[in-house]
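Reader: I'd like a close look at one part of this model, the site around the ligand, and how the pieces next to it are put together. Could you walk me through it in one go?

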Amino acid sequence: TQQTLVLIKPDGVKRNLIGEIISRLEAKGYVVADLKKFTPTKDLLHKHYAEHEGKPFFEPLVEFMSSGDVVAIKLEGHRVIEGFRSLAGATDPTVALPGTIRGDLGRDWGLKVQQNLVHGSDSEESAARELALWF
Ligand code: ATP
């Protein structure tokens with residue numbers, strides 16, 4: 001069975017949406033195989049977001065992601081990588097469809113980085129790489 005890395009970003013933790021977000025994952029039928037809550041180091045975030053290094057939102061993204069606790073979840077289920085991304089919705093919470101986590105709970109705050117509540121791995125390769133970094 002497939003596994004993916006889900007992160008509840010600092011905006012989700014600060015807004016007390018941990019339960020709301022995990023409820024949606026469990027209601028869909030996915031299983032929380034492991035979970036932890038901590039403030040990630042910049043070193044971990046540089047590794048995690050290596051593909052975005054050099055982009056204009058890279059430094060604001062690392063600042064934001066290290067600004068407070070994150071909940072890291074090892075989420076399990078058949079086709080969970082694709083399934084979680086469907087539950088999360090589009091990157092930009094303004095246009096993410098209602099019914100999705102970002103569409104229902106997120107908005108654009110006009111900041112340099114999109115605060116969009118969650119992250120999910122985008123492929124089996126990313127999931128393996130990211131799970132090894134965070135767990
Ligand atoms: P997606 O579901 O679209 O893949 P993602 O979280 O994987 O979402 P990435 O393209 O990997 O998106 O970008 C990582 C994070 O960087 C985003 O979740 C968002 O917080 C931020 N981000 C991405 N693109 C922008 C942008 N153009 N401006 C500001 N922040 C951005």
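Author: Let's start with K9, which counts as buried because it has 24 C-beta neighbours inside 10 Å. Keep in mind that this is a predicted model. K9 sits in the loop between β1 and α1. If you skip its neighbours within four places in sequence, K9 is in contact with M65, V70, Q115, L117, V118 and H119. K9 also turns up in the UniProt record: the unreviewed entry lists K9, F57, R85, T91, R102 and N116 under "binding site".

Now for the ligand itself. Around it you'll find F57, L61, R85, A88, T91, V113, Q114, N116, H119 and D122. By type, that shell splits into four nonpolar, four polar and two charged residues. Put the record next to the shell: F57, R85, T91 and N116 are among the "binding site" residues listed by UniProt, and F57, R85, T91 and N116 are also among the residues that surround the ligand.

Take N116 next. N116 is in the loop between α6 (101–105) and β4, and it counts as buried because it has 23 C-beta neighbours inside 10 Å. Leaving out the neighbours within four places in sequence, N116 is in contact with T91, P93, R102 and G106. Two of those names, T91 and R102, are ones you have already met in the UniProt "binding site" list.

Right after N116 in the numbering comes L117, which is in the loop between α6 and β4 too. L117 has an eye-catching backbone: its phi is positive, about 70 degrees, although it is not a glycine. L117 is buried, with 25 other C-beta atoms within 10 Å. And remember that L117 is one of the contacts of K9.

From there you step into strand β4, where H119 is found. The UniProt annotation "active site", again from an unreviewed entry, covers H119. H119 counts as buried because it has 21 C-beta neighbours inside 10 Å, and the cut-off for that is 20 or more. Beyond the neighbours within four places in sequence, H119 is in contact with V6, L7 and K9. H119 belongs to the ligand shell as well.

Those contacts lead us to β1. Strand β1 covers residues 2–8, and six of its seven residues are buried, so it is largely enclosed by the rest of the structure. What does β1 pair with? On one hand there is β4 (residues 118–120): three bridges join β1 to that strand, and the two run antiparallel. Look for V6 opposite G120 in β4 if you want a landmark. On the other hand there is β3, which pairs with β1 in the antiparallel sense over seven bridges. Here the landmark is L5, which stands opposite K74 in β3.

Then there's helix α4 (residues 58–65), whose buried residues are L61, V62 and M65. They cover an arc of only 95 degrees around the axis, which puts them on the same side of α4. What covers these buried residues includes α1 (10–14), α3 (42–48) and β3 (70–77). Two members of that trio tie back to the site: L61 is one of the residues around the ligand, and M65 is in contact with K9.

While you're following the chain past β3, have a look at R79, in the loop between β3 and α5 (80–88). Like L117, R79 has a positive phi without being a glycine, here about 60 degrees. R79 counts as exposed, though, because it has 12 C-beta neighbours inside 10 Å, whereas L117 is buried.

For a contrast with the site, try A132 in helix α7 (residues 124–134). A132 is exposed, with 10 other C-beta atoms within 10 Å. A132 and V62 of α4 are 70 residues apart in sequence and 19 Å apart in space, C-alpha to C-alpha.

Last, the wider frame. UniProt lists residues 1–135 for "domain: Nucleoside diphosphate kinase-like", also in an unreviewed entry. That span is 41% helix and 19% strand, and its end C-alpha atoms lie 18 Å apart.

How values were computed
Residues are numbered from 1 along each chain as its sequence is written. This is a predicted model: local features need pLDDT of at least 70, side-chain atom pairs count only at pLDDT 80 or more; totals for chains, interfaces and linings use all residues. A residue is near a molecule or strand if its C-beta atom, placed from the backbone, lies within 6 Å of it. Ala, Val, Leu, Ile, Met, Phe, Trp, Tyr, Cys and Pro count as nonpolar, Asp, Glu, Lys and Arg as charged, and the others, Gly among them, as polar. Helices (H or I, at least four residues) and strands (E, at least two) are DSSP runs, numbered from the N terminus. The arc is that of the directions from the helix axis to the C-beta atoms. Two residues are in contact if their C-beta atoms, placed from the backbone, lie within 7 Å. Two strands pair if DSSP finds at least two bridges between them. UniProt positions are given in the numbering used here, feature names are shortened, and annotations may be inferred rather than shown by experiment.
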